[in-house]
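Welcome! Take a moment to look over the sequence and the model, and then let us walk through a few of its features together.

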Amino acid sequence: MNTHFRKIFSTVNLLLYLPVIMLIWAGLSRKDFSLKQQENSYLIGISYMTMNNEFYKILNEEISSRVEIEGDRLVLRDPALSVDRQIEQIDEMLHMGIDVLVVTPVDWKSLSQILKKAKEQGVFIVVVDSDLEEDSLADCTITSDNYNAGRLVGQCFLEENQESDLIVMTHDVAKSGQDRVRGFLDVVEQRDGVRIVKSINCDGQLEIAMPRMQEVIREGTVFDSVFCLNDLAAVGVVAALDEYDMADRVKVYGIDASPDAKALIKEGLMSASSAQFPSRIGQTAADIIYRLLNGEEVDRNISVPVELVTRSNVEQYSIDRWQ
């Protein structure tokens with residue numbers, strides 16, 4: 001029997017009132033307090049462009065941890081790089097009654113209609129890792145400094161290459177990918193000796209980048225360097241090069257500084273990558289979510305700095321996990 005009850009009742013009184021106490025306790029046990037908690041809680045909807053990327057899993061861990069601490073609920077959907085599926089899933093979440101939508105657009109130009117519907121329903125919109133064409137639809141946009149990520153890699157590239165036959169791996173419909181490629185090209189195109197021999201859209205996915213690089217090799221395209229918009233693509237490129245015994249002759253550059261990429265950099269199979277910080281982006285997004293729900297003013301655009309990782313400084317980063 002509970003110590004609190006022993007302090008209140010004597011042994012005799014406890015025996016007398018035990019049936020009553022048990023009936024009261026049984027009634028309290030049957031009452032569903034979780035229902036009241038759920039009714040008063042916020043519902044946070046999340047749609048990244050894909051969950052086939054550890055970056056988004058790390059980012060989401062920070063948000064879901066905060067949501068759990070606050071006693072609120074979270075619903076996560078994976079559009080798997082399909083803009084039509086992303087629109088359908090966001091619409092589904094709106095019907096569920098979400099209070100906040102966290103979204104990484106698959107296609108930065110194609111979500112305007114569904115996001116306008118979200119705004120009409122009073123839903124706060126927090127965009128992460130990329131941008132919207134109609135950025136006024138977002139209450140806050142949180143991204144890495146994607147343009148500078150490309151510039152940093154471009155500067156490193158020029159330090160290592162006086163001339164080059166270069167392949168560029170892109171993700172054409174993602175604004176973050178466009179900004180990274182543009183930042184890189186704005187730097188390297190200043191040198192006459194750099195020739196872009198091919199540009200390949202790979203959606204930033206290993207399973208697309210690898211076979212497309214294999215195809216380029218089989219075609220006999222001459223190249224000595226590859227820039228990839230992210231490290232998933234870079235890992236796919238390195239795998240293809242290794243299959244054809246070219247990994248020691250071709251320099252590969254990426255963006256993310258993912259654990260796999262840092263391991264490849266340490267081994268000399270990649271030259272450099274700009275480090276993103278998904279934990280920091282997730283923490284920032286979580287803070288913005290609750291500032292919005294509390295009626296506070298927030299910055300419309302937040303840019304998280306990036307850092308260049310090369311073989312000379314890779315040991316300063318945790319190779320087996322994201323930074």
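This is a predicted model, and a good place to begin is a pair of helices. From helix 9, the residues Leu206, Ala209, Met210, Met213, Gln214 and Ile217 meet Leu232, Ala233, Val235, Gly236, Val237, Ala239, Ala240, Leu241 and Glu243 of helix 10. This contact is made up of 12 nonpolar, 2 polar and 1 charged residues. The two helices pack at an angle of about 40°, their axes 7 Å apart, and the crossing is right-handed.

Next comes the sheet. It is open, with 6 strands in the order 7-6-8-9-10-12 and mixed pairing. Strand 7 and strand 12 stand at the edges with a single partner strand each, so one side of each has no neighbour in the sheet. From one strand to the next, the twist averages 20°. Inside the sheet, strand 6 and strand 8 pair in the parallel sense over 4 bridges, with Leu166 opposite Ser225 in strand 8.

Two helices pack against these strands:

| Helix | Strands touched | Direction |
|---|---|---|
| Helix 7 (residues 146–160) | strands 6, 7, 8, 9, 10 and 12 | about 160° to strand 9 |
| Helix 8 (residues 175–188) | strands 6, 7, 8 and 9 | about 165° to strand 6 |

Finally, what about the cysteines? A search of the whole structure finds 0 disulfides. For Cys228, the nearest cysteine sulfur belongs to Cys202 and is 6.6 Å away. Cys228 counts as buried because its relative accessibility is 0%. Cys140 is also buried, at 0% relative accessibility.

Note on methods: Residues are numbered from 1 along each chain as its sequence is written. This is a predicted model: local features need pLDDT of at least 70, side-chain atom pairs count only at pLDDT 80 or more; totals for chains, interfaces and linings use all residues. Side-chain values use heavy atoms; hydrogens and water are left out. Axes are lines fitted to C-alpha atoms, for helices over the stretch in contact, and angles run from 0 to 180 degrees between N-to-C directions. A crossing is left-handed if the near helix is turned anticlockwise from the far one by less than a right angle, and right-handed if clockwise. Contact means heavy atoms within 4.5 Å. Ala, Val, Leu, Ile, Met, Phe, Trp, Tyr, Cys and Pro count as nonpolar, Asp, Glu, Lys and Arg as charged, and the others, Gly among them, as polar. A disulfide is a pair of cysteine sulfur atoms within 2.5 Å. Buried means under 20% relative accessible area, exposed over 50%, partly exposed in between (1.4 Å probe, protein chains only). Two strands pair if DSSP finds at least two bridges between them.
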